[in-house]
Amino acid sequence: KPSDPIMTGKTQTSNVTNKNDPKSLNSRVFIGNLNTAIVKKGDIEAIFAKYGKIVGCSVHKGYAFVQYMSERHARAAVAGENARIIAGQPL
């Protein structure tokens, strides 16, 4: 039986952020100008978790998406983190 990731004690968010549900689009945050050679998924989740429950996080070369439960949390994250310097680069 495969091990259940929920039981490992580490909270895992989905890598899926490209849902086609129109409501989820408003609760997704694009993070551009990201130094993904240094900044990893766990770092992004740690930075953005203070704004609300993250249900998904996907990291790509130079950018990432964070999917929140609600649009209110996404808006707060954008307001709070826009132009923040992470690994020497402004978001």
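**Notebook: ring cluster, core and two loops**

I began at Arg28, which lies over the face of Phe65 at 5.8 Å from the ring centre. The model I am reading is a predicted one, and I keep that in mind for each entry below.

**Rings.** I then searched the whole structure for aromatic pairs, and the search returned three. One of them joins Phe30 and Tyr63, a tilted pair with 5.7 Å from centre to centre and 35° between the planes. Since Phe30 belongs to strand 1 and Tyr63 to strand 3, this pair ties together parts of the chain that stand 33 residues apart in sequence. I looked up the accessibility of both partners: Phe30 is exposed, with a relative accessible area of 52%, while Tyr63 is partly exposed at 30%. Following the ring pairs further, I found that they link Phe30, Tyr63 and Phe65 into a cluster, and Phe65 is the ring that Arg28 lies over.

**Chain overview.** I noted three helices and five strands in the protein chain, and their order along the sequence reads α-β-α-β-β-α-β-β. Of the 91 residues in the chain, 35% are buried. I also checked how far the contacts reach: among those between residues at least 6 apart in sequence, 63% join residues at least 24 apart.

**Core.** Which residues touch the most other members of the largest nonpolar core? In this set of 17 residues they are Ile31, Leu34, Ile44, Phe48, Val66 and Tyr68. At least two residues of the core come from each of strand 1, helix 2, strand 2, strand 3 and helix 3. I listed the partners of Val66 separately; beyond residues up to four places away in sequence, Val66 touches Ser27, Arg28, Val29, Ile31, Ile44, Phe48, Ile54, Gly56 and Cys57.

**Helix 2.** In helix 2, which spans residues 41-48, I found Ile44, Glu45, Ile47 and Phe48 buried. Viewed down the helix axis, these buried residues fall within an arc of 165°, so they line one face of helix 2. I set beside this the general point that an α-helix has 3.6 residues a turn, so residues three or four places apart point the same way. The buried residues of helix 2 pack against strand 1, strand 2 (54-60), strand 3 (63-68), helix 3 (71-81) and strand 4 (85-86).

**Two loop residues.** Is Ser27 buried or exposed? Ser27 sits in the loop between helix 1 (22-25) and strand 1 (28-31), and I count it as buried because its relative accessible area is 4%, against a cut-off of under 20%. The side chain of Ser27 makes a polar contact of 2.9 Å with that of Gln67. Apart from neighbours within four places in sequence, Ser27 is in contact with Val66, Gln67, Tyr68, Met69, Ser70, Glu71 and Ala74.

I turned next to Lys53, in the loop between helix 2 and strand 2. Lys53 counts as exposed because its relative accessibility is 52%, where the cut-off is over 50%. From C-alpha to C-alpha, Lys53 and Tyr68 are 5.8 Å apart in space, although 15 residues separate them in sequence. Outside its neighbours within four places, Lys53 is in contact with Gln67, Tyr68, Met69 and His73. Comparing the two loop entries, I see that Gln67, Tyr68 and Met69 are among the contacts of Ser27 and also among those of Lys53.

Note on methods: Residues numbered from 1 in each chain as written. Predicted model: local features only at pLDDT ≥ 70, side-chain atom pairs only at ≥ 80, totals over all residues. Heavy atoms only, no water. Helix = DSSP H or I, 4+ residues; strand = E, 2+ residues; numbered from the N terminus. Buried < 20%, exposed > 50% of the residue type's maximum accessible area, 1.4 Å probe, protein only. Polar contact = N/O pair within 3.5 Å; in protein donor to acceptor, adjacent residues only side chain to side chain. Contact = heavy atoms within 4.5 Å. Arc of directions from axis to C-beta. Phe/Tyr/Trp six-rings, centres within 6.5 Å; stacked < 30°, edge-to-face > 60°. Lys NZ or Arg CZ within 6 Å of the ring centre and 35° of its normal. Core = buried A, V, L, I, M, F, W, Y, C linked by side-chain atoms within 4.5 Å.
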